[in-house]
Amino acid sequence: MVTTPRPIDALVIGGSAGALEVLMTVLPALPRDLSAAVVIVLHLAPHKPSYLRDVLSQRTALAVREPDDKEPMLPGTVYVGPPNYHLLIERNRTLALSVDDAVNFSRPSIDVLFESAAEALGPSVAGVLLTGANDDGARGLARIRASGGITVVQSPETASASAMPEAGIRAAAIDHVLPPERIGPLLVELAKRSGGSR
Amino acid sequence: MSAEEEHSALELGLLLEAIYQKYHYDFRQYAEASLRRRLSAALVQLRCATLSDLQRRVLHEPKAFSELLRFLTVQVSELFRDPPYYRAIRERVLPYLRTYPSIKIWVAGCSTGEEAYSLAIILQEEGLLDRAMIYATDINGESLRAAEAGVYQSDRFARFSENYLAAGGRGSLSEFYTANYASAVMDRSLRKAILFSDHSLATDSTFAEVELVSCRNVLIYFERELQERAIGVLRDSLCRKGFLGLGSKETLRFSAHAPAFTEFASDERIYQRI
């Protein structure tokens with residue numbers, strides 16, 4: 001059987017303290033015709049409007065959206081989780097929101113996004129855990145790996161808060177530990193891989 | 001689908017079918033991602049290894065079912081959650097409703113009552129509460145009893161008060177509740193205007209004609225087909241030119257019912273029935 005790796009069509013990214021800055025490095029590397037969707041959850045103040053969409057729009061050729069419930073997840077589009085909601089992915093490739101309790105003191109929670117992505121999309125997901133000050137996202141990363149997806153963690157020495165990437169590395173087998181400037185190019189590679197069985 | 005996925009889909013389907021047949025609660029068309037998270041939490045709490053174990057327990061132990069129901073239905077909200085929504089209700093919707101001799105409002109999926117009390121407070125401040133009736137419905141009887149009691153933990157009121165002011169509150173939120181050490185009870189004059197009752201958007205139909213339906217962060221838990229059913233029930237409950245308020249990330253954009261409405265306050269997700 002041919003072992004061409006399966007293409008990644010959902011890139012899920014999570015982070016907390018300092019992660020916005022990292023995204024400013026990662027997103028400009030993504031081309032307009034990226035064949036994967038990018039879904040991002042950052043820990044945000046729950047009761048303030050989020051300017052994340054506007055800030056990120058200025059750094060990428062891709063459309064950036066704060067999705068409504070049941071919005072289809074399209075390739076070449078960046079989705080950012082709205083404050084005070086969890087963001088999840090459904091099997092039918094739509095985005096879903098919930099106001100369930102905070103997980104790891106966070107809503108949105110990275111674990112909620114990652115676990116739903118693993119459940120819904122299995123091996124066609126790559127999970128990327130960035131800088132952050134707690135261990136949200138680590139369990140989710142392990143789930144992504146267990147479902148056959150790819151795991152990526154920002155190298156802790158480049159993180160402004162290393163607790164989150166370190167927790168990721170402890171919790172799961174990590175395929176790529178990279179500094180911010182090498183994460184974007186890797187994501188482009190992963191999205192490009194031609195189809196076939198793994 | 002792998003064998004394991006097939007198994008897990010089968011277990012989920014059987015559990016929901018069992019709940020429906022035995023207890024007449026219909027979760028069969030709930031959005032799967034959140035439903036699965038809630039069930040995973042319930043498995044831990046009820047000490048079940050698998051959904052099949054859980055199925056056996058809820059079939060044989062009604063108490064286990066009540067506990068599960070809590071996981072599947074209870075949402076904790078806030079008084080005046082999303083202040084811009086309540087500001088729009090006060091400043092843009094009430095001027096219309098004021099022209100009616102009586103005002104009937106339906107809070108669909110009221111959970112523990114925060115949304116219903118928020119609306120009652122606005123009506124009181126606008127001098128409309130004495131000719132208003134708020135129907136507040138939910139499928140969880142325990143939530144309804146809590147909502148009816150109108151008792152919330154005192155430590156939540158700092159946030160509530162901030163929301164109230166951001167929503168255009170005219171005075172002080174403290175005029176509307178009585179605080180005892182750990183808890184506070186909502187004012188009786190508000191409770192009197194709210195009728196709490198059992199209703200399911202999944203299985204019941206319309207029960208009254210109202211001028212405003214507020215249904216916030218309920219539809220996000222439904223799959224598309226069930227959303228359509230629910231929106232149909234909400235639509236049928238609205239008088240001509242009546243208003244429908246949704247959660248801040250909910251939209252009629254993907255619904256076949258969209259042509260029955262116009263966008264009234266688009267940022268606040270308030271629609272008007274044509």
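User: In this predicted model, which residue stands opposite Phe261(B) in S10(B)?
Analyst: This is a predicted model. Strand S10 covers residues 270-273 of chain B, and S9(B) pairs with S10(B) in the antiparallel sense over four bridges. Across from Phe261(B), in S10(B), stands Arg273(B).

User: What is the order of the seven strands in the open sheet of chain B?
Analyst: The pairing in this sheet is mixed. Its edge strands are S6 (194-198) and S9 (261-265) of chain B, each pairing on one side only. Neighbouring strands are turned against each other by 25° on average, direction ignored. The order in chain B is S6-S2-S1-S7-S8-S10-S9.

User: How many residues of strand S7 of chain B are buried?
Analyst: Buried here means under 20% relative accessible area. Strand S7 spans residues 210-215 of chain B and is mostly covered. Of its six residues, the number buried is six.

User: Over how many bridges do S7(B) and strand S8 of chain B pair?
Analyst: Strand S8 holds residues 238-246 of chain B, and its pairing with S7(B) is parallel. One facing pair is Ser214(B) with Gly245(B) in S8(B). The number of bridges between S7(B) and S8(B) is five.

User: Which residue of S7(B) stands opposite Trp106(B)?
Analyst: Strand S1 of chain B, residues 103-108, pairs with S7(B) in the parallel sense. Three bridges join S1(B) and S7(B). Opposite Trp106(B), in S7(B), stands Val213(B).

User: Which helix makes a β-α-β unit with S7(B) and S8(B)?
Analyst: S7(B) and S8(B) are parallel partners. The unit that they make with the helix is right-handed. The helix, residues 224-237 of chain B, is H10.

User: Which strands stand at the edges of the three-stranded sheet of chain B, and why is one side of each left without a neighbour?
Analyst: This open sheet has the order S3-S5-S4 in chain B, with antiparallel pairing. Neighbouring strands are turned by 25° against each other on average, direction ignored. Each edge strand has a single partner strand, so one side is left without a neighbour in the sheet. The edge strands are S3 (151-153) and S4 (177-179) of chain B.

User: Which residue of S5(B) stands opposite Tyr152(B)?
Analyst: Strand S5 of chain B covers residues 183-186. S3(B) and S5(B) pair in the antiparallel sense over three bridges. Opposite Tyr152(B), in S5(B), stands Ala184(B).

User: Which element gives the largest share of the lining of the largest pocket?
Analyst: The largest pocket has a volume of about 1500 Å³. Of its 50 lining residues, the closest to the centre are Arg36(B), Arg37(B), Arg38(B), Ser40(B) and Ala41(B). Elements giving two or more residues include helix H3 (110-121) of chain A and helix H2 (32-45) of chain B. The largest share, 11 residues, comes from H2(B).

User: How many charged residues are in the lining of the largest pocket?
Analyst: By class, the lining has 19 nonpolar and 13 polar residues. The charged residues number 18.

User: Which element gives the largest share of the lining of the second largest pocket?
Analyst: This pocket has a volume of about 950 Å³. Its 40 lining residues include Pro49(A), Glu66(A), Ser248(B), Lys249(B) and Asp267(B), which lie nearest its centre. Among the elements that give two or more residues are helix H2 (52-57) of chain A and helix H8 (157-166) of chain B. The largest share, four residues, comes from H8(B).

User: How many charged residues does the lining of the second largest pocket have?
Analyst: The lining has 14 nonpolar and seven polar residues. Its charged residues number 19.

User: How much space lies in the largest cavity?
Analyst: The count comes to three cavities of 30 Å³ or more. The largest cavity is lined by 18 residues, with Tyr30(B), Gly109(B), Asp138(B), Ile139(B) and Val218(B) closest to its centre. The lining has nine nonpolar, seven polar and two charged residues. The space in the largest cavity is about 240 Å³.

User: Is Tyr23(B) buried or exposed?
Analyst: Tyr23(B) is found in helix H1 of chain B. Its relative accessible area is 17%. The cut-off is under 20%, so Tyr23(B) counts as buried.

Key: Residues are numbered from 1 along each chain as its sequence is written. Chains are lettered from A and ligands numbered from 1 in the order in which they are written. This is a predicted model: local features need pLDDT of at least 70, side-chain atom pairs count only at pLDDT 80 or more; totals for chains, interfaces and linings use all residues. Side-chain values use heavy atoms; hydrogens and water are left out. On a 1 Å grid over the protein atoms alone, a cavity is a set of points where a 1.4 Å probe fits but cannot get out, and a pocket is an open set with protein on both sides within 12 Å along at least five of seven lines; lining residues have an atom within 4 Å of a point. Grid points are joined across faces, edges and corners, and a volume is the space filled by probe spheres set on the points. Ala, Val, Leu, Ile, Met, Phe, Trp, Tyr, Cys and Pro count as nonpolar, Asp, Glu, Lys and Arg as charged, and the others, Gly among them, as polar. Buried means under 20% relative accessible area, exposed over 50%, partly exposed in between (1.4 Å probe, protein chains only). Two strands pair if DSSP finds at least two bridges between them. A crossover is right-handed if, with the strands pointing away from the viewer, the path from the first strand over the helix to the second runs clockwise. Axes are lines fitted to C-alpha atoms, for helices over the stretch in contact, and angles run from 0 to 180 degrees between N-to-C directions.
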